[in-house]
Amino acid sequence: MWRARMRSETKTAAGRHGGTPPVVQRLLRIVRRIIGAPDYQAYLEHCGTAGHPPRLTEREYVDQFFESKGKGVRCC
Amino acid sequence: MKRLASVFLWGGVSVLGAAAFGVLALSRGETVNAAWLLTAAVCTYAVGYRFYGRFLATRVFGLDDRRATPAERCNNGRDFVPTNKWVLYGHHFAAIAGAGPLVGPVLAAQFGFLPGTLWLVIGVVLGGAVQDFTILFCSLRRNGKSLGQMAKEEVNPAAGATAMLAVLFIMIILLAVLALIVVNALKASPWGLFTIACTIPIALLMGWWMKSWRPGRVGEASAVGAILLIAALVGGGVVAGHPTLGAAFTHTGPAITWMMIGYGFVASVLPVWMLLAPRDYLSTFLKITTIFVLAVAILVILPPLRMPALTPFASGGEGPVFAGKLFPFAFITIACGAISGFHALVSSGTTPKMIARESDARFIGYGGMLMESFVGVMAMIAACTLDPGVYFAMNTTPAALAQASQALSQAGFVVSPDAMHALAARMGETTLVARSGGAPSLAVGMAQIFAGATSVLGGKTLDALWYHFAIMFEALFILTTIDAGTRVGRFMLQEIVGHVWPRFAETSWYPSVIASSAVIVAGWGYFLYQGVVDPLGGINSLWPLFGISNQLLAAVALCVGTTILIKMGHARFAWVAAGPLAWLVTVTMTAGWQKVFSADPRLGFLAHAAALAGSTTPDAGRLIFYDRLNTFMALLFMAVVTVLIVTSLREWWLVLSRRKVAVVHEAPYVESAYAVGD
């Protein structure tokens, strides 16, 4: 049901990595998580698991991600 | 059978570690191979993690995988995300590792390789890793709350406010010291300055790439950034050799100071995606790669340590790099790598929001800090592979060198001007004398190790390129810390002023952004400037101040940890946090007292001010003011932590004597949906 209520931009983004082999996708996800980079696919998957449509487009998600990154501390 | 094998295995590791320590401790006069130092460190980490880390996890904290973590309960696919422990280990390590574990051991090498190494290895197992693990555990049980919030709730509101003020002041000193390292590395170095200057347009390009052109494509942007960075590194050599361009990128310390101040302000005001985030990605990639390559290079060539185990400066206290005896100054010079209060901010920041299972906290919190200590050991090796004469010539200001020349020649730590000239030419610099701050000598050590490794592998020895690569590597992530630290300081100031003027707390209101950024930058910029114009080198006064403040922040964290353990009903185990706390308070208060009241003008701020009182030098008045300001800062740090310790002691007494009901502010227990052991 929730898929029907998805915004068009989020649908496009959800299908973007369809052609990438799963191993490469996993590897990229690991690197993204280690360096603290935004991972919109993970967000979409989370929304799917939680059973609600994504509230943010990829652009909005990236904006919010960088904003919260700016509040983090880097050690000396 | 399995138990017997375990006994043999861990018995063997312990014996090997003890033997390695024996070789290090008993060597007098002969050259020791770095392999012994690495063996001693790795065996100690392994035993510490296996036994002490496990004891903390099971007996002291009672980690429970049936309990859902904040990442599981508050999962939002962005900040709160259950993450694989190996991935989170990398993320946590990238956040805690900075310039501190590299520079501190290099400076402490003036006492010889043994004291610093012992503190790095023993301090981390019993103190630093315990602090990180304890705060991570406490935050994990409190929905990822920050250190300040936990101090406010678990100790008392005054403690929370005190902790927040302490963090703000410490941040200002920290940023000044880190900026000073960059200034000392880049002054009169056109190659280094050109390379670092290029990182600004590269970061802006990356920011535009991953924000506007291809949103979120950090990998692509970082790959392009890395290629451009290498081009800038190679181009730096050409620029330095060009008569006009070389002169354009050759500047004095004060000039680079003003550039740093301007840069810090702009970086704090600009949106995160434009400069901070891309620079952060670039430096994270570079940091992880370089540390890995350095570890491999050291293992390949296993260089001999040319610095003795102990130098005469350990007991005399008249060391030319910084003044003061081994106790307490070795323990505040090496902060990050052994124990660092700043880690408590990371352990109560993003990491607790990403832990999938409680038991992962041991690997990430305790294990992550062990890896940071290992980085410190590698920095110690890099510094100690240098000829001691070269090491002291590089890290000592001309004024301090003149004072210490007799002690240096008695110890045999001499180097001819021709040899220093030849070394500078090999590294592509005009001079390497009096390049204090630790970064240039670490860069020379790293360059020699890298060059040695590439020659073993059949490559060319490109000393100058490796040297400037090492400088770029250090400066890049120091600048990242300056970006992030100025911004976090700005947020804190906005929050504090926001209590009396709510509009000021709006982080997107530009007058507030500009005013608060200006105040924070002026704060660290002022200390930076005084460090640059200080004839004794700045590092001599500012690095101990940074060490004291960082260790006092660790004392704040351990106060909070001890309070929570007592309130949890685990008072019999409170010593795990109270022990390192007692040691840190002893060390930092002794160091703070000596920095203020010592009669030696090289050591005591007030004695230095008194010595300058009758001087006719034009800068005397300003230097006296700096000494008094440093005195005020040191006393302020000591007073703030004393307040926190007294309020914590009162809280412990009230709870233990049952005059007060212990209330822990843990999040309610929710059963995890993840199968235990899955």
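Start with chain B, which has 27 helices and 2 strands. Helices (H or I, at least four residues) and strands (E, at least two) are DSSP runs numbered from the N terminus. This is a predicted model, in which local features need pLDDT of at least 70, side-chain atom pairs count only at pLDDT 80 or more, and totals for chains, interfaces and linings use all residues. Residues are numbered from 1 along each chain as its sequence is written, and chains are lettered from A and ligands numbered from 1 in the order in which they are written.

**Chain B, whole**

Colour by pLDDT, the predictor's confidence in each residue, from 0 to 100. The mean for chain B is 90, and 98% of its residues reach 70 or more. Select α6(B), residues 113-140, for the highest confidence in the chain, at 97. Then select α19(B), residues 398-411, for the lowest, at a mean of 83.

Zoom out. The C-alpha atoms of chain B fill a box of roughly 70 × 65 × 60 Å along the principal axes. Its radius of gyration is 24 Å, which agrees with the value near 26 Å for a compact globule of 678 residues. That radius is taken over C-alpha atoms, and the globule rule is 2.2 Å times the number of residues to the power 0.38.

Of the 678 residues, 57% count as buried. Buried means that 20 or more other C-beta atoms lie within 10 Å of the residue's own; exposed means 12 or fewer, partly exposed is in between, and C-beta atoms are placed from the backbone. Contacts (C-beta atoms, placed from the backbone, within 7 Å) come next. Among those in chain B between residues at least 6 apart in sequence, 82% join residues at least 24 apart.

**The core and α8(B)**

Select B:Ala176, B:Ala179, B:Val182, B:Leu442 and B:Val556. These have the most contacts inside the largest nonpolar core, which has 242 residues. Helix α8(B), residues 157-186, supplies the largest share of this core, 20 residues. Such a core is a set of buried Ala, Val, Leu, Ile, Met, Phe, Trp, Tyr and Cys residues joined through C-beta atoms within 7 Å.

Isolate α8(B). Of its 30 residues, 23 are buried. From first C-alpha to last, α8(B) reaches 44 Å, close to the 44 Å expected; the expected span is 1.5 Å times one less than the number of residues. Centre on B:Ala179. Beyond its neighbours within four places in sequence, B:Ala179 is in contact with B:Met260, B:Ile482, B:Trp524 and B:Leu528. After the helix comes B:Ala188, with a positive phi near 55 degrees.

**B:Cys559**

Move to helix α24(B), residues 539-567, which holds B:Cys559. Is B:Cys559 buried or exposed? B:Cys559 is buried, because 27 other C-beta atoms lie within 10 Å. Leaving aside neighbours within four places in sequence, its contacts are B:Val155, B:Leu581, B:Leu644, B:Ile645 and B:Ser648.

**Backbone stops**

Most residues other than glycine have a negative phi, and most peptide bonds are trans. Select B:Phe327 and B:Pro328: the peptide bond between them is cis, with omega near 10 degrees. B:Pro328 is in helix α15(B), residues 326-333.

Go to B:Leu302, in the loop between α13 (276-301) and β2 (304-305) of chain B. Its phi is positive, near 40 degrees. B:Leu302 is partly exposed, with 15 other C-beta atoms within 10 Å.

Next is B:Arg658, in the segment after α27 (620-656) of chain B. Its phi is also positive, near 60 degrees. B:Arg658 counts as exposed because it has 8 C-beta neighbours inside 10 Å.

**Chain A and the interface**

Show chain A: 4 helices and 0 strands. Of its 76 residues, 34% count as buried. Chain A averages a pLDDT of 77, and 71% of the residues score at least 70. Among its elements, α1(A), residues 8-14, has the lowest mean pLDDT (60), and α3(A) the highest (87). Where pLDDT is low, the predicted coordinates should not be read in detail.

Now select the interface. Here 31 residues of chain A are in contact with 45 residues of chain B. On the chain A side, α2 (22-35), α3 (40-50) and α4 (58-69) each supply at least two residues. The most come from α4(A), with 9. By class, this side has 17 nonpolar, 6 polar and 8 charged residues. Here Ala, Val, Leu, Ile, Met, Phe, Trp, Tyr, Cys and Pro count as nonpolar, Asp, Glu, Lys and Arg as charged, and the others, Gly among them, as polar. The predictor gives the complex an ipTM of 0.76 and a pTM of 0.90.

Terms used:
Contact = placed C-beta atoms within 7 Å.
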